[in-house]
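Reader: Got a minute to go through this model with me? I'd like to start with the ligand and work outwards.
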Amino acid sequence: MHPMLNIAVRAARNAGDLIAKAYEQFDNVEVEQKGLNDFVTNLDKEAEQAIIYTIRKSYPDHSIIAEESGELEGADTDHQWVIDPLDGTTNFIKGIPHFAVSIALLVKGKIEQAVVYDPIRNELFTASRGAGAQLNGYRLRASNNKDINGAILATGFPFKQKHNLETYLSIFASLFADAGDMRRAGSAALDLAYVAAGRADGYFELGLKPWDFAAGELIAKEAGAIVTDFAGNHNYVKTGNLVAGNPKVVKTMLAKIRPHLTDAIR
Ligand code: IPD
Ligand code: CA
Ligand code: CA
Ligand code: CA
């Protein structure tokens with residue numbers, strides 16, 4: 001395992017164990033509201049501090065961007081860690097056992113290492129660029145569905161920003177008309193990891209942040225999936241509007257999305 005992936009795994013396991021323990025007892029969990037339907041707990045913050053501590057101990061100069069701390073620039077700006085300490089905070093707060101720690105390392109802007117860790121199921125999804133994606137050490141492959149017919153599509157609802165709701169719903173309707181079924185599980189990082197594992201044939205969501213998808217993106221791609229924006233381009237890095245899945249499923253998804261594209265989501 002690449003030494004930097006090794007550090008990411010150590011950090012993700014530490015943070016995940018912290019979160020899982022608090023989840024079981026669910027005492028001393030403090031909830032704060034950040035915005036519309038947007039919550040953060042002391043566990044998000046403590047897990048993030050634990051991750052930053054582990055990374056900084058090995059790589060004191062590296063730069064970090066983390067959901068709760070923002071940008072922490074280091075002397076070395078070529079190496080940037082992108083951290084979501086707890087992806088699925090709403091599930092965590094409601095006692096739904098589906099959330100993850102997500103850590104990616106970008107080198108000169110390219111995602112090189114990635115970990116998504118589900119501490120409840122003890123599932124560790126990892127990837128190194130060019131070396132494939134693994135779940136607990138076993139190689140992952142995206143599904144081989146030929147198109148959207150019968151496909152299981154994961155999605156996330158735009159619950160924190162409802163201005164694109166109409167567009168989202170029309171895209172949902174158009175995809176659902178042919179899909180086998182839909183899943184809204186509540187963690188974008190796990191949605192992408194599930195695409196990598198072939199558990200979901202495709203995935204789409206609007207308005208994600210880099211920490212939601214950086215690790216999952218590499219894991220999905222290394223498993224043979226593709227990741228694009230809603231128009232089939234690379235703008236998701238900026239917009240956070242993502243479509244992912246095995247190449248054939250994504251192709252049919254994009255064809256069905258096309259008539260519903262608006263400038264706001266392109
Ligand atoms: C959220 C989850 C959710 C997605 C939201 C994200 P958070 O992340 O990934 O599935 O629908 O867009 O913001 O806030 O729980 O880390
Ligand atoms: Ca959050
Ligand atoms: Ca997140
Ligand atoms: Ca989070």
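Author: Sure, we can take the ligand shell, then the domains, then the strands. Keep in mind that this is a predicted model.

Reader: Fine. Which residues are around ligand 1?
Author: Asp-84, Asp-87, Gly-88, Thr-89 and Thr-90 are there, along with Gly-156, Gly-186, Ser-187 and Ala-188. Glu-205, Leu-208 and Asp-212 complete the list. Strand E5 (76–87) and helix H3 (89–94) are the elements that give two or more residues to this shell.

Reader: How does the shell around ligand 1 split by class?
Author: There are 6 polar, 4 charged and 2 nonpolar residues.

Reader: Where does ligand 1 lie relative to the domains?
Author: Between domain 1 (3–139) and domain 2 (152–265), because both give residues to its shell.

Reader: Does UniProt have anything? Which residues does it list for "binding site"?
Author: The UniProt entry, an unreviewed one, lists Glu-67, Asp-84, Leu-86, Asp-87 and Asp-212. They spread over 146 residues of sequence, yet they cluster in space, with a largest C-alpha distance of 9.7 Å.

Reader: And which strand holds Asp-84?
Author: Asp-84 is in E5.

Reader: Switching to the domains. How far apart are the C-alpha centres of domain 1 and domain 2?
Author: 21 Å. Domain 1 puts 32 residues into the contact, and domain 2 puts in 23.

Reader: Which elements give two or more residues to the domain 1 side?
Author: Strand E3 (62–66), E5, H3, strand E6 (100–107), strand E7 (110–118), strand E8 (123–128) and strand E9 (133–135). E7 gives the largest share, 5 residues.

Reader: What's the class make-up on that side of domain 1?
Author: 18 residues are nonpolar, 8 are polar and 6 are charged.

Reader: Many of those are strands. What order do the strands of the open sheet take?
Author: It has 8 strands, ordered E4-E3-E5-E6-E7-E8-E9-E10, and the pairing is mixed.

Reader: Which strands stand at the edges?
Author: Strand E4 (70–72) and strand E10 (138–139). Each has a single partner strand, so one side of each is left without a neighbour in the sheet.

Reader: Take one pair from the sheet. Do E8 and E9 run parallel or antiparallel?
Author: Antiparallel, joined by 3 bridges. Phe-125 stands opposite Leu-135 of E9.

Reader: Now strand E11 (residues 152–155). How many bridges join E11 to strand E12 (residues 181–183)?
Author: 3, and the two strands run parallel. The chain gets from E11 to E12 through helix H4 (residues 165–176), in a right-handed β-α-β crossover.

Reader: Which residue of E12 does Ala-154 stand opposite?
Author: Arg-183.

Reader: What about strand E13 (residues 202–205), how does it run against E11?
Author: Parallel again: E11 pairs with E12 that way, and 3 bridges join E11 to E13 in a parallel run. Leu-153 has Gly-202 of E13 as its bridge partner.

Reader: Let me check that I have the ligand site right. Domain 1 and domain 2 both give residues to the shell around ligand 1, and UniProt's "binding site" list includes Asp-84, Asp-87 and Asp-212.
Author: Yes. Asp-84, Asp-87 and Asp-212 are also among the residues around ligand 1 in this model.

Note on methods: Residues are numbered from 1 along each chain as its sequence is written. Chains are lettered from A and ligands numbered from 1 in the order in which they are written. This is a predicted model: local features need pLDDT of at least 70, side-chain atom pairs count only at pLDDT 80 or more; totals for chains, interfaces and linings use all residues. Two strands pair if DSSP finds at least two bridges between them. Helices (H or I, at least four residues) and strands (E, at least two) are DSSP runs, numbered from the N terminus. A crossover is right-handed if, with the strands pointing away from the viewer, the path from the first strand over the helix to the second runs clockwise. A residue is near a molecule or strand if its C-beta atom, placed from the backbone, lies within 6 Å of it. Ala, Val, Leu, Ile, Met, Phe, Trp, Tyr, Cys and Pro count as nonpolar, Asp, Glu, Lys and Arg as charged, and the others, Gly among them, as polar. Domain bounds come from an automatic or database domain assignment. Two residues are in contact if their C-beta atoms, placed from the backbone, lie within 7 Å. UniProt positions are given in the numbering used here, feature names are shortened, and annotations may be inferred rather than shown by experiment.
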